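I've opened a new notebook page for this one. These are my jottings, in the order I looked things up.

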Amino acid sequence: MKPAWRIPFAVVGILLLAPLFTAATAACAAAADSPQPQVLIVVGPSQHPPGTHEVPAGARVMEYMLEHAEGIPPVAAEIVDRWPQDKRLLDHVKTVVFTGDIFPGETLPNPEAIKADLTAMMARGCGIVCVHYATGLRAQHVTADGDHPLLRWMGGYFATGCEHHRSVARVVTATLAPAEVDHPVLRGWKAFTFDDEPYWNNYFGKDGPAANVTPLVTTMMPPDAPKKETVVWAVQRPDGGRGLGVVVPHYFRSWRIADLRTLVLNGICWTAQLEIPAAGIHCMLPDLAQFKPASVEPLPPQKPKPKTAS
Ligand SMILES: [Zn+2]
């Protein structure tokens, strides 16, 4: 039986495919509307009690600060909790920020593949920042004499549970002060005092910091025998890329400190090769609870802290 009506085949094709074209066009428009991320924030595994580390919420704080920064155009950031398989994303970002317990390049699945990607990213001049415990490496991650690519990518690391070097993690009252150098990361903030866990005796290589590593922020530790310790440092690499290690914050509530926020914002943006204004980069935050940590304030640990954890 013949249909009561006929529509030419080509017209049927257009009618059937039109919604697809429309959807594709909309997707392209959406991609064009949302800026490509300049900063990739990688959240590694963490097992710290509520109110401490809080790495997913801390990542959201950093993303918010970048996207609401005052004094510079908004910086687009993307948060991931696994290493991206999208090479275009890896090829595009200007800097990668790590947060987590121990350097996530070692603790996420397939660390060798991640480090291979990072090697390529660093070679093209991509920046790298590690925050607090993400600056950490254990004995199994480094050679017997402490070598690891992070030493060259970022200039140093927090050596925990290592034989070659023992960095120290302890919650103390500390004053973080800018070093006496002229550096963009030091713009627009002043020394501040807080209760936190500023790792000290960090590892910068067998012969100490390389010539291209600049100590940026120091604190006097330990409290009973104080000497100047570097807690934030920068590296300007031969490949043109920049790295920054910042060994705080341990407590999520420390993000309330405006000077710390400017220090971290300046640092991330400097590694992304952005111009840091003379007044530094600032960002006011809403209530920290809006970033959905398990707790804004620290709660007692559920289980004893491992000896070498921090
Ligand atoms: Zn900590």
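My entries go from the whole chain down to single residues.

**Entry 1: the chain as a whole**

First thing to write down: I'm looking at a predicted model. I counted 7 helices and 11 strands in the chain. Of its 310 residues, 44% come out as buried. I also checked how far apart in sequence the contacting residues sit. Among contacts with a separation of 6 or more, 72% join residues 24 or more positions apart.

**Entry 2: the core**

Which residues have the most contacts inside the largest nonpolar core? I found Val39, Val97 and Ile268, in a core of 83 residues. I picked Ile268 for a follow-up. Setting aside neighbours within four places in sequence, I get Val39, Met62, Leu66, Thr95, Val97 and Val129 as the contacts of Ile268. So the list for Ile268 includes Val39 and Val97, and I'd already noted both of those for their contacts inside the core.

**Entry 3: helix α2**

Next I checked the length of α2, which covers residues 55-67. At 1.5 Å a residue, its 13 residues should span 18 Å, and the end C-alpha atoms are indeed 18 Å apart, so the two agree.

Then I asked which residues of α2 are buried. My list reads Val55, Ala57, Gly58, Ala59, Val61, Met62, Glu63, Met65 and Leu66. Glu63 is one of them, which I underlined. As for what covers these buried residues, I noted β1 (39-43), β2 (77-80), β3 (95-99) and α7 (258-271) among the elements involved.

**Entry 4: α2 against α7**

How do these two helices pack, at what angle? I read off about 75°, with the axes 11 Å apart. An angle from 65 to 115 degrees counts as roughly perpendicular, and therefore α2 and α7 get that label. On the α2 side I see Met62, Met65 and Leu66, which meet Arg261, Val264, Leu265 and Ile268 of α7. By class, that contact has 6 nonpolar residues, no polar ones and 1 charged. Ile268 is back here, having turned up earlier for its contacts in the core.

**Entry 5: Val80**

Is Val80 buried or partly exposed? It counts as partly exposed, because I get 16 C-beta neighbours inside 10 Å, where a buried residue needs 20 or more. Val80 is in strand β2. Leaving out neighbours within four places in sequence, Val80 is in contact with Leu40 and Val42. Leu40 is 40 residues away along the chain, yet the C-alpha atoms of Val80 and Leu40 are separated by 7.5 Å.

**Entry 6: backbone oddities**

A reminder to myself: most residues other than glycine have a negative phi, and most peptide bonds are trans. With that in mind I went looking for exceptions.

Where are the cis bonds? I noted one from Met221 to Pro222, with omega near -10°. Pro222 is in the loop between β9 (213-221) and β10 (227-236). I noted another joining Val248 and Pro249, where omega is about 5°. Pro249 is in the loop between β11 (242-246) and α7.

Now for positive phi. Ile102 is not a glycine, but its phi is positive at about 70°. Ile102 belongs to the loop between β3 and α4 (104-107), and it is buried, with 25 other C-beta atoms within 10 Å. Asn201, also not a glycine, has a positive phi of about 55°. I placed Asn201 in the loop between β8 (192-196) and β9. Asn201 is partly exposed, with 16 other C-beta atoms within 10 Å.

Methods. Residues are numbered from 1 along each chain as its sequence is written. This is a predicted model: local features need pLDDT of at least 70, side-chain atom pairs count only at pLDDT 80 or more; totals for chains, interfaces and linings use all residues. A nonpolar core is a set of buried Ala, Val, Leu, Ile, Met, Phe, Trp, Tyr and Cys residues joined through C-beta atoms within 7 Å. A residue is buried if 20 or more other C-beta atoms lie within 10 Å of its own, exposed if 12 or fewer, and partly exposed in between; C-beta atoms are placed from the backbone. Two residues are in contact if their C-beta atoms, placed from the backbone, lie within 7 Å. Helices (H or I, at least four residues) and strands (E, at least two) are DSSP runs, numbered from the N terminus. The expected span of a helix is 1.5 Å times one less than its number of residues. Axes are lines fitted to C-alpha atoms, for helices over the stretch in contact, and angles run from 0 to 180 degrees between N-to-C directions. Angles under 35 degrees count as roughly parallel, over 145 as roughly antiparallel, 65 to 115 as roughly perpendicular and the rest as oblique. Ala, Val, Leu, Ile, Met, Phe, Trp, Tyr, Cys and Pro count as nonpolar, Asp, Glu, Lys and Arg as charged, and the others, Gly among them, as polar.
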